Amino acid sequence: MQELIQKIDSYKSEINQFIATDEKLVEDFRIKWLGTKGILKGIMGEMKNVPNEQKREAGQLLNEFKLFAEAKYNEFKETVSSQPGSASGEIDLSLPGDETPLGSRHPISLMRNKIISIFQRLGFAVAEGPEIEDDWHNFGALNMPEHHPARDMQDTFYVDAANNGAVSWLLRTHTSNTQVHEMQKGKLPIRVICPGRVYRNETISARSHCFFHQVEGLYIDENVSFADLKQTLYFFVKEMYGKDVKVRFRPSYFPFTEPSAEMDVTCFICGGKGCNICKKTGWVEILGCGVVHPNVLKNCGIDPEKYTGFAFGMGVERPALLKYGINDIRLFSENDVRFLKQFTSAT
Ligand code: DAH
């Protein structure tokens, strides 16, 4: 009998120490103490060993313990189900929510996407071309045959391992290779915008890098003229830099366009007054452009008597540097999260 009293006392203190924090624990409690193979059933079974004269007293003790365990179980059930977030409990809307960490886009992607979206509104589709290119797509088709001096303007990385003698492979020096691929498809008219990464063998410094990004544009149809090019680029500049920005075209030379021009906009830092960024000229060069050279059309299987077109190409890094006031181009490729997380929008 003494033994039973002690056992029940220790069970009680064990139950008193139990803390119900969730529904699973409460269910475990029920199984352990009140279940069909539980402790209560076990000690009830011990009644048969109790001498007859003590049966009454022992019965009372066990009954009392049973009521105690059941009351505790109900109490725990109650506590858990009224907790916020439990299936049956109320949700406390005043609690702070879980934080979802937000990533940010790379400033070059923001700038590229902004450029693309302006041309998409004019009906240009996005086309992409290979970064590892053969000599003909990067130079030859674009009216730069072997030994053409213009090839020296772009310090090229050649991919020696892949050079089997017949074709020399290189890392494209400009996105103009994508023009060639698009023209070769033979589906006219063509109105594409070609974003991508390009490579040049230049010394890495705050102002130049051995890889950077360009966006190329190409429009080919019947009766496309330089006037169409100008209007397209005027629209682009207004959308990109605002209505007050002035534009000027300077005659230039590219082997793949004739006539060729470079386009400047009034400096978006000083508004044209002259500052360090625009080297006191009030103008910043943003792109090269021109009317597609008939030789280029011919090289790509398009009849230059029937079709004409314009093309333009611009860098992405320079406008991004100016837009965000960044003074070192190397920051774009260092993957420093402290730098990258500062950019949320290109507008
Ligand atoms: N490919 C030239 C460069 O990398 C940029 C360019 C100039 C592209 C004139 C064009 C163009 O399509 O018409 O410097």
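In this predicted model, the largest cavity is lined by Ile115, Phe236, Met240, Tyr241, Ile286, Met314, Gly315 and Pro319. Sorted by character, this lining consists of seven nonpolar residues and one polar residue, with no charged residue among them. Two elements, α8 (226-241) and β9, each contribute at least two residues to the lining. The largest share belongs to α8, which provides three residues. The volume of this cavity is about 30 Å³, and the count of cavities of 30 Å³ or more comes to one.

Attention now turns to the ligand. A shell of 16 residues surrounds the ligand, and those that come nearest are His174, Ser176, Arg200, Gln214 and Glu216. Three of these names are worth finding in the structure, beginning with Ser176: one of its polar side-chain atoms lies 3.0 Å from a nitrogen atom of the ligand. Oxygen atoms of the ligand also take part in contacts. An N or O atom in the side chain of Arg200 is 2.8 Å from a ligand oxygen atom, while a polar side-chain atom of Gln214 sits 3.0 Å from an oxygen atom of the ligand. On its own, the ligand would expose 360 Å², and the protein buries 91% of that area.

Several elements build the shell around the ligand: α7 (176-184), β5 (211-221), β8 (283-292) and β9 (308-315) each give two or more residues to it. In terms of character, the shell holds five nonpolar, nine polar and two charged residues. For the lining of the largest cavity, the corresponding division is seven nonpolar, one polar and no charged. A helpful landmark when viewing both sites is β9, which gives two or more residues to the ligand shell and at least two to the cavity lining.

Key:
Residues numbered from 1 in each chain as written. Predicted model: local features only at pLDDT ≥ 70, side-chain atom pairs only at ≥ 80, totals over all residues. Heavy atoms only, no water. Near = heavy atom within 4 Å. Polar contact = N/O pair within 3.5 Å; in protein donor to acceptor, adjacent residues only side chain to side chain. Areas by Shrake-Rupley, 256 points an atom, 1.4 Å probe, with all protein chains shown as cover. Helix = DSSP H or I, 4+ residues; strand = E, 2+ residues; numbered from the N terminus. Nonpolar A, V, L, I, M, F, W, Y, C, P; charged D, E, K, R; others polar. 1 Å grid on protein atoms, 1.4 Å probe; cavity = no way out; pocket = protein on both sides within 12 Å on 5 of 7 lines; lining within 4 Å. Points joined across faces, edges and corners; volume = space filled by probe spheres on them.
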